[in-house]
Amino acid sequence: MEDSLARFSEKTGVPLILTGYDLHILYANNRALKVCGYSLPELKTMRFVDLLDPGQRQEVINLAGATDRDQPVAYQGRIISKNKEIRRVGFLLAKDEQVIFISLSNISPAENIERELKESRRKLMGFLNNLPGIAFRCKYDRHWTMLFLSQTFASVTGYQPEDILHNKNKSFSQLIFPEDRSIVHLKVDNAIRTHRQFQVEYRIIRKDNKISWIFEQGNAWENKTGNIEYIEGIMIDITQRKYAEQLQQAVGNIAELSMEEIEFDNQAYFERIRQYISAVMIADNFSVLQYDEPANKLHILFSSDEILINDLVSVDDVRRTLSYKVIADQKPVLFSDKEVIELAGKDRINLYGRKGRQWMGVPLRLIHGNKGVVILQNYDQERFYTQDDMKALELMAHQIAMAINRRDAVTALRRREKYYRNFYMNLPESYQLMDPNGKLMMVNSKWLEVMGYRKQEVIGKAFDWFWADEEKTTRDKFLTILKKQYRLDHFLLKLKTKKGRTLNVILTGHSEQDMQGKPVKVHAVFADVTPIKEAEQAMKRAKEKAEENDMLKSSFLANMSHEIRSPMNAILGFSELLKNNSLPENRRSQYINLILERGQDLLRIIDDIIDISKLEAGSMHLNYDTVNLSDFLTDLKMGLLQERKRQKKDHIAFYAKIDRNLRHISWKADKIRIRQILMNFFSNAFKFTDKGSVTLEVIRHEEVIVFMVHDTGIGIPDDQQELIFERFRQVDLKYRSSKSGTGLGLSISRNLAENMGGTVSVRSVYGEGSTFILKLPMLDLKEGEINEASAAVTSDNKQDKPAVILIISHSNDNFRYLREMLKGLDANFCWARTSEEAQRFAGVLKHDLILMDMELPDSSVFYLAGQIRKIQPQVPLIAQLGSGNQNDLQKVKEGVFDDYLKMPTSRPLINAVVNRFL
Ligand code: ADP
C-alpha cells in the first residue's frame, strides 16, 4: 500500500503528508520532507502537530477532528523545520476512510494565498480521481440521481460519468442488479435514520452485461432545515474479491457436502452441487457425464439441461461430441456458438440439436482411469461465462471428482466388507467378532449352535464370560494379544456352553486396524476339539488301566501259578508215593489226607476265580432261603475252627460275642454266600495273625445284621485299606511277610455283600489288628420261634417294618447310586441284576416297591414288568428312565408302571416319588 501510495503521491507535485485520524504521521512525500527538513523515518515517529508552532497545535487538532470526509479544509499555519526555521504554510486537510491527507503550500506573499489554495484544491481533486475508488455525490431519491462521479466510474462500469450524471441516459439505480436494489435503499435509509455512515455491497450490471460487485460507503448531508441535501461517498469495485470469496464458499460447501454424504444419491447430491455453483455463476443447465470406455458411451450422472439430455439420445458417435473432446484432451474448454460451428466445419465434431450460445466443459478425473465431464451450457442468457468461470468450475469439478471417488471407494469397501461378513457368518466353524476389549460384537449361527445361546444373550458380553474358569493369567494373556498383536494363534481355551458342558476349543484370529495400526476389531474362529481331547484322555486312561491291569494280571498269574502249583505239586507228589504198595497204613492215610487237603485248596482257588468271573459278568445268582442265625453260627463255627486247624493256627484263640436275643431270629438270605464272605474274613484273620485271638461279634441294628471279625494280627496301613477290596490287590509287600493268596477274596466278598444289598468294610490299625465288617439287611425278618402266623402279621405291618425295595439294574453303579439317594428311607434294598434274577426274587420275597432300570441285558423291561405283575399284582413299579431312553416315556406312561423317574434326578425328587408308595 505504501509503495503504490508513494509512487502516486510523488507524481502529484504537491508536498503531501499522510496521517492517521490521531494525526500520527504515516507517510510524507519528498516535497513534504523538503518543507520540514526531517527524514521520513524521523517524521514517522512524530505527529503532524509536532511540526507546528505550539500555539497552533490544539487548533489544528480540533480542526482535524471536525473535518468531514472528502470536504477538504484549508488552514494557514507555521511549520518549524528541523533546523528551527519557521515557515508559513497553507495546508489543506482531507479525510479518507482511515487517513488524513495534508497538502502543504508555501504562502509567503499574502496575495498568493487564494491562488495557491485553488491550485492545491485542484491537485487534491486530481488525487481523489486517481484513487482506486469512485468518489460520488448523488441525490437522496429513488434514481440515486448522480451529481458528481469521479473519472474511475468509467473503468468500473463501462459508462461515462456523463451518461449517468443527472440521469442523462440511465439512472444509477438502473445499473444496480434488480435483486439488490432494495438492500441498497434499506442500508442508506437506516444510516440516515441513525445519523451514521452507511456501507453496502451490491451488484451492478456493467455496460458489457457482466456483473460487478461494488462496495459503497457514504454519508448523507442535511441542510439547515434538516432535509437531506445529498449523499456523498466512495464506491470500490470488489468483484474480484467477491468472486474469490463466493468461489471459496462454493468449493467449501461442495467439500463439506461430500464429507457429510459419502454414499450419496446422484440426483439429490448433484442438485445441491448445482445450487452451490449458482452462487458463483449461472448454473441452470448443469450436467455431469461419465464416459464408459469399453461401451464407448456417455452416461448421464446428472443433468438439469433438457436439451443436452435430448441431444445425447441422438448421438451416434460419442467420439464426435464436445464432451468427448474434453474427456479425451483432459482440458477445460469454453466455446462460443461461433467456435462450435467452426469446429463442426473443420469436421472435428458433429452438431446435435440446438446449440447454445456458450458451451463450457471441464474434465472430471475419476479413479481407476474413469473419466467424465462437467458441463454448463448457456442457451440464451445475456450474461456470459468467462475464463474465470471456467477456472472456478474446474476447481469445483475437482471437488466433485473427489466426492465421487470417495463414494466409489467406500462402496467398494462396503461390498468387500459385506462379502467377508457373509463369508464369516456362513463358516462351518464358530465365528465371532470382538472389540479390542474382548467384547462380542457379532457371532455366526454355528457359534450359537455350539454354545447353545440365543444371539441376544451373547452380543455385548465379554468373551471371557463364556470361559470355563480359566486362570487369570490366561485372561490377561488373551487381552494383551487382542490389544497389542494382530494375530491370535491357536489359543487353547475351555468354554462353557449354556447347558454347562465344557468345550475345549482352539481359537484363531486376526485383528482389523485403524489408520494408526491400532486394532479396532478382532475376527476369530474357534473349533471344538472336545471329542479329540476326550478321546485323547480316554485313550490315556485306557492305556494306564491296561498297563495297570497288565501289571496286576502278571503278578496275579505269578501268584496264581504259585497258588495252583504248590497244591498241585503236593497232590501229584503224594499220589506218586501212594503207588508204593509197601507203604504202611498210617502213612498211606496221612498222604491221602494231605492230597485231600491240597485238593480242597485248589478247589477254593478255582471257586474264587469262578466267583469273580461270575460277579464281573453279572451272572452271580443268589439263592434266598430262610436263615436261622443260631443254626448258621453253629455251622460257621465248625468251618472256621477247621480253617484254623488247616492253617495250623490252633494257638490263636477264637471268641464269639453274640447277643443272646439274636439266637432265634431268622430271615431270608443266601446263607451260602454269607458264609463264604465270613469264611474269607476268618481265613485272612488266621492267615495274618500270629498271636492273640480272632473274635466273631454279631449285633443287630433294627433290620440290619452286622457280623464283625476282629483279629490281633499285623493290621493294614490306612492308605491300603480301600485298595485291598480291588481284585488281585494285596497289601504292599513292604507291610507284610506272607506272599500267598490271590487277592480275590475281599473283592468277591464286597461284591457278594452288595449283591445282597449289604456292605463290607474294614477298620484296622497297622501293627495292632483288623476288623472286617459285613452288614446285611434282613429281609422278611422273623423273631423268636418260627411262627408262620405271627410272621405274617409283622411282615404286613408296613409302619413298623422297614420297606423292602427291589432295585432291578444291570449296573452296580446305578444300584449304589439309588441306594445312596434313598439313604434316609427306612428300607432294605435288594439288587437284581437280570430279569431272570428279578423274577426269582419277586417269587421269594414280598417287595414294597420295585425300581426298574430301563436297560436290562436279558429281556425287555416291559415284558419283565408284566411278569412281575403276575407274581406281585399290588407292588408299585417305578421305571427309571436314563437319558438314552427318554423316548420310552410314552410307553412307560401307558404301561403297567405306576410312575417313573427321569435320570439324572435329585435327591428330593426321587424321595418324593418313592415316598408316595411307601
Ligand atoms: P488274599 O487273602 O487271597 O490275598 P484277599 O482279597 O482276601 O486276598 O485279601 C487281600 C489282602 O488284604 C491280603 O493279601 C492282605 O494283604 C490284606 N488282608 C486281608 N485281611 C487281612 C487281615 N485280617 N489282616 C491283615 N491284612 C489283611
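Colleague: Strand S32, residues 877-881: mostly covered or mostly uncovered?

Modeller: Mostly covered. Five of its five residues are buried. Bear in mind that this is a predicted model.

Colleague: Which residues of S32 sit on which side?

Modeller: Leu 877, Ala 879 and Leu 881 are on one side. Ile 878 and Gln 880 are on the other. Both faces of S32 are covered.

Colleague: What joins S32 to strand S31, and do they run parallel or antiparallel?

Modeller: Four bridges, and the two strands run parallel. S31 spans residues 849-853. Ile 850 stands opposite Leu 877 in S32.

Colleague: Where is Asp 853 found?

Modeller: In strand S31. Asp 853 has a relative accessible area of 14%, so it is buried. The C-alpha atoms of Asp 853 and Phe 815 are 9.4 Å apart, with their positions 38 residues apart in sequence.

Colleague: Switching to the ligand. Which residues come nearest?

Modeller: Asn 684, Asp 711, Gln 730, Thr 742 and Leu 746, out of 22 residues around the ligand.

Colleague: What polar contacts does the ligand have with Asn 684, Asp 711 and Gly 743?

Modeller: The side chain of Asn 684 has an N or O atom 2.8 Å from a ligand oxygen. A polar side-chain atom of Asp 711 is 2.8 Å from a ligand nitrogen. For Gly 743 the backbone does the job: an N or O atom there is 3.2 Å from an oxygen of the ligand.

Colleague: And how much of the ligand does the protein bury?

Modeller: 97% of the 530 Å² that the ligand exposes when taken alone.

Colleague: Which elements each supply at least two residues of the shell?

Modeller: Helix H21 (671-687), helix H22 (745-755) and strand S27 (769-777). H21 gives the most, with four residues.

Colleague: How do the shell residues divide into nonpolar, polar and charged?

Modeller: Nine are nonpolar, nine polar and four charged.

Colleague: You mentioned S27. How many bridges join it to S26?

Modeller: Seven, with the strands antiparallel. Val 760 stands opposite Leu 774 in S27.

Colleague: Which residues of S26 are on the covered face, and which on the uncovered one?

Modeller: Val 760, Val 762 and Ser 764 make up the covered face. Thr 759, Ser 761, Arg 763 and Val 765 make up the uncovered one. In a regular strand, side chains alternate between the two faces of the sheet.

Colleague: What about the turn in that hairpin?

Modeller: There are three residues between S26 and S27, and Gly 767 takes a positive phi near 90°.

Colleague: Which residues other than glycine have a positive phi?

Modeller: Asn 296 is one of them, with phi near 50°. Glu 702 is another, at about 50°. Most residues other than glycine have a negative phi.

Colleague: Where are those two?

Modeller: Both are in loops between strands. Asn 296 lies between S11 (286-292) and S12 (297-303). Glu 702 lies between S24 (693-701) and S25 (704-711).

Colleague: Buried or exposed?

Modeller: Asn 296 counts as buried because its relative accessibility is 19%, under the 20% cut-off. Glu 702 has a relative accessible area of 61%, so it is exposed.

Colleague: Now aromatics. How many pairs in the whole structure?

Modeller: A search finds 28. Phe 153 and Phe 172 form a tilted pair, 6.3 Å centre to centre with 50° between the planes. The pair links distant parts of the chain, 19 residues apart: Phe 153 is in helix H6 and Phe 172 in helix H8. Both rings belong to buried residues.

Colleague: What is the geometry of Trp 465 and Phe 466?

Modeller: Edge-to-face, with 5.0 Å between centres and 75° between planes. Trp 465 is at 49% relative accessibility, so it counts as partly exposed. Phe 466 counts as buried because it is at 1%.

Colleague: Which aromatic cluster are they in?

Modeller: One formed by Trp 447, Tyr 453, Trp 465, Phe 466 and Phe 526.

Colleague: Last one, back by H8. Where is Asp 180?

Modeller: In the loop between H8 and helix H9 (181-193). Asp 180 counts as buried because its relative accessibility is 9%. Its C-alpha is 6.6 Å from that of Arg 203, 23 residues apart along the chain.

How values were computed: Residues numbered from 1 in each chain as written. Predicted model: local features only at pLDDT ≥ 70, side-chain atom pairs only at ≥ 80, totals over all residues. Heavy atoms only, no water. Near = heavy atom within 4 Å. Polar contact = N/O pair within 3.5 Å; in protein donor to acceptor, adjacent residues only side chain to side chain. Areas by Shrake-Rupley, 256 points an atom, 1.4 Å probe, with all protein chains shown as cover. Nonpolar A, V, L, I, M, F, W, Y, C, P; charged D, E, K, R; others polar. Buried < 20%, exposed > 50% of the residue type's maximum accessible area, 1.4 Å probe, protein only. Pairing = 2+ DSSP bridges. Phe/Tyr/Trp six-rings, centres within 6.5 Å; stacked < 30°, edge-to-face > 60°.
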